[in-house]
Amino acid sequence: MLGRYQTPVGSWSHRTTFFWATTGATIGLSDLWTFPHMAGQNGGGVFILFYLACLLILTLPLVLTEAVIGRGARHGVVIAIGSLARGAGAPPRWIWSGRLSVLAGFLVLTFYAVIGGICLAYVFYAAYGRLDDASPRQLAGILASLVQEPENARHFMGWHAGFLILVLVASMQGVTGGLERALRVVVPAFMLLLGGLLVFAIQHGNFPAAVDYLLVMRPEDVTFDSVRKALTHAFYTLSLGTGILIVFGAYSAPTTPLKRSVLAVALVDTLIAIVAGLVLYTLVFSHGTGGGEPLQGFRLVFIAIPESVGVMPGGQFVLTAFFAMIVLAAWSSSLALLEPAVSWLQERLAAPRRRCVLLVGAAAWLVGLLSLFSFNAWSDITLLGGTPYRWIEMVTSTLLIPVVSILLAFFVGWALPDDMVARLIGRTPVLLRTCWVWVLRLILPAIIVYVGIHYAMQSGASLCNGGGSPFWCSGDTPIEDPAGTPDATSPEAPPEGITPGDGSATEDEPVSDPQPEKSEAIVPPGSTPVQARPGPEPSTPASNNDMLYHSV
């Protein structure tokens with residue numbers, strides 16, 4: 001028999017677990033290698049203020065919506081929406097928003113685990129000294145050898161499987177003994193590692209240059225495009241549309257202060273992204289000999305940081321801690337992404353949790369192989385210019401996540417009666433509740449449609465640079481690569497010595513890292529980034545099939 005606050009699949013044992021678990025879910029890799037570069041290139045502190053405003057207007061109402069749906073129904077995603085629809089007398093087809101949400105979270109997990117496998121490999125590369133005193137060309141070769149060479153695909157598969165096993169082992173221990181305990185330990189450990197790395201960076205790097213780049217107010221660098229990037233990143237950064245927040249809300253007791261918790265999660269997520277940017281650029285700005293703009297994405301994390309830190313005192317230990325921190329971020333997000341599918345399968349089959357975790361994990365590994373092989377053995381296999389990985393990422397980011405978010409906004413804003421909405425949100429001033437409902441009804445759907453269409457257009461344009469020649473591409477007009485224009489996620493151009501790649505995905509992409517066109521004049525003299533060091537030109541043309549072109 002279930003206890004007062006229990007769900008059929010589990011419940012948190014502490015009121016604060018919702019905060020820790022949701023923070024762990026939202027600390028994505030884009031916080032480490034996308035947001036800091038985006039902020040630095042689009043006005044610094046001014047961009048961060050715009051971004052916080054976008055969080056308040058767009059993200060927080062949707063985060064709260066998903067969390068209260070879960071807590072109100074006390075079930076997994078699909079049954080939660082179905083039960084609320086029945087209680088409101090709404091059509092049963094609303095349940096499809098829950099099904100699509102589970103599918104979106106599962107698909108994100110499949111390619112997120114591939115990136116997690118790369119990060120896990122680099123923990124051991126750093127620990128064994130393989131990255132010590134390596135040149136940019138050598139570091140690029142290490143990354144290309146792991147990711148792009150077909151003969152090493154089995155090694156890549158091993159790291160991918162190893163990362164997923166770490167996720168599955170924790171999840172198999174249950175909601176309280178596994179998920180809750182792990183996230184309450186891992187998220188503070190991540191923060192401690194980040195704080196320790198900040199102290200090290202301040203002592204051995206160029207901290208004033210990083211502060212100038214990230215935090216100084218530069219309104220002259222802010223354009224409409226900057227505001228759009230802030231809006232897009234705000235939408236994709238807090239795991240909306242993947243079912244995580246509904247499940248975590250269902251696990252929370254009615255006494256959990258959800259409104260304060262979601263606000264705290266958004267602020268902490270932003271703070272972590274800022275501190276991570278200070279760490280990365282403090283280290284990178286301390287090294288380098290030429291001009292150029294600050295790095296982002298894979299080149300920043302896997303090339304520039306090892307080159308900079310490898311020559312510093314204790315570099316081997318610091319690099320190991322750095323990549324361990326990244327693994328913790330990827331692992332906590334993957335653990336959260338696994339949960340909607342596991343809880344749905346438990347309720348659907350009435351099966352033991354361990355069996356459900358194994359089934360979902362095996363499926364995630366198999367589907368993840370489509371993404372993994374897209375970067376090496378199957379890199380030449382494309383459909384309309386995109387590899388299997390690229391299409392999985394595009395369908396998830398341009399279709400599933402925006403559609404689910406719009407459906408949930410309409411569901412709460414229009415399908416549920418006012419008295420049910422009032423019960424879901426709890427004690428709230430009438431004016432605030434009314435504003436929340438009308439934002440869900442009108443403002444958020446319009447913004448999400450704009451974000452989704454814009455990202456879809458840029459993603460479609462990026463496929464024109466592949467070998468598939470999609471029907472929407474013009475043979476006479478060159479297609480602007482969204483990677484070069486500015487999640488979830490794509491890194492910028494491949495580093496020197498790595499074949500293909502001359503650009504990255506747009507800053508607007510949820511799983512993409514940006515390649516802006518801003519001037520590098522804001523980088524202080526003598527503090528130029530690592531990638532400024534000259535290197536050989538890539539020998540082959542750009543390809544959006546490259547892991548260095550699109551990543552989580």
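**Surface patch and aromatic contacts in a helical model**

Leu-442 is located in helix H19, where helices (H or I, at least four residues) and strands (E, at least two) are DSSP runs numbered from the N terminus. The structure is a predicted model, in which local features need pLDDT of at least 70 and side-chain atom pairs count only at pLDDT 80 or more, while totals for chains, interfaces and linings use all residues. Residues are numbered from 1 along each chain as its sequence is written, and side-chain values use heavy atoms, with hydrogens and water left out.

The protein chain contains 19 helices and zero strands. Of its 552 residues, 63% are buried, a label that stands for under 20% relative accessible area, with exposed meaning over 50% and partly exposed in between (1.4 Å probe, protein chains only). About 19,600 Å² of the chain is exposed, and carbon and sulfur atoms supply 66% of that area; the areas come from the Shrake-Rupley method with a 1.4 Å probe, and for residues only the protein chains shown count as cover.

Which residues form the nonpolar patch on the surface? They are Leu-56, Ile-57, Leu-263, Leu-267, Trp-414, Trp-438, Leu-442 and Ile-443, together offering about 790 Å² of accessible area. Patch members have over 30% relative accessible area and no salt bridge, with nonpolar side chains (Val, Leu, Ile, Met, Phe, Trp, Tyr) joined within 5 Å and like charges within 9 Å. A salt bridge here is a side-chain nitrogen of Lys or Arg within 4 Å of a carboxyl oxygen of Asp or Glu. Helices H4 (45–73), H13 (258–284) and H19 (430–463) each contribute at least two residues, and H19 gives the largest share, three. Trp-438, one of the patch residues, also has Arg-441 over its face, at 4.6 Å from the ring centre. Such a charge has NZ of Lys or CZ of Arg within 6 Å of the ring centre and within 35 degrees of the ring normal. In another case, the charged end of Arg-99 sits over the ring of Trp-96, 4.7 Å from its centre.

Turning to ring pairs, a search of the whole structure finds 24 aromatic pairs. Tyr-213 and Phe-285 form one that is edge-to-face, at 5.7 Å centre to centre and 80° between the planes. This pair links distant parts of the chain, 72 residues apart: Tyr-213 belongs to helix H10 (residues 207–214), and Phe-285 to the loop between H13 and helix H14 (297–309). Tyr-213 counts as buried because its relative accessibility is 0%, and Phe-285 does so at 1%. The rings of Phe-235 and Tyr-236 have centres 4.8 Å apart and planes at 70°, so this pair is edge-to-face. Pairing requires ring centres of Phe, Tyr or Trp (its six-membered ring) within 6.5 Å; planes under 30 degrees apart are stacked, over 60 edge-to-face and the rest tilted. Both Phe-235 and Tyr-236 are buried.
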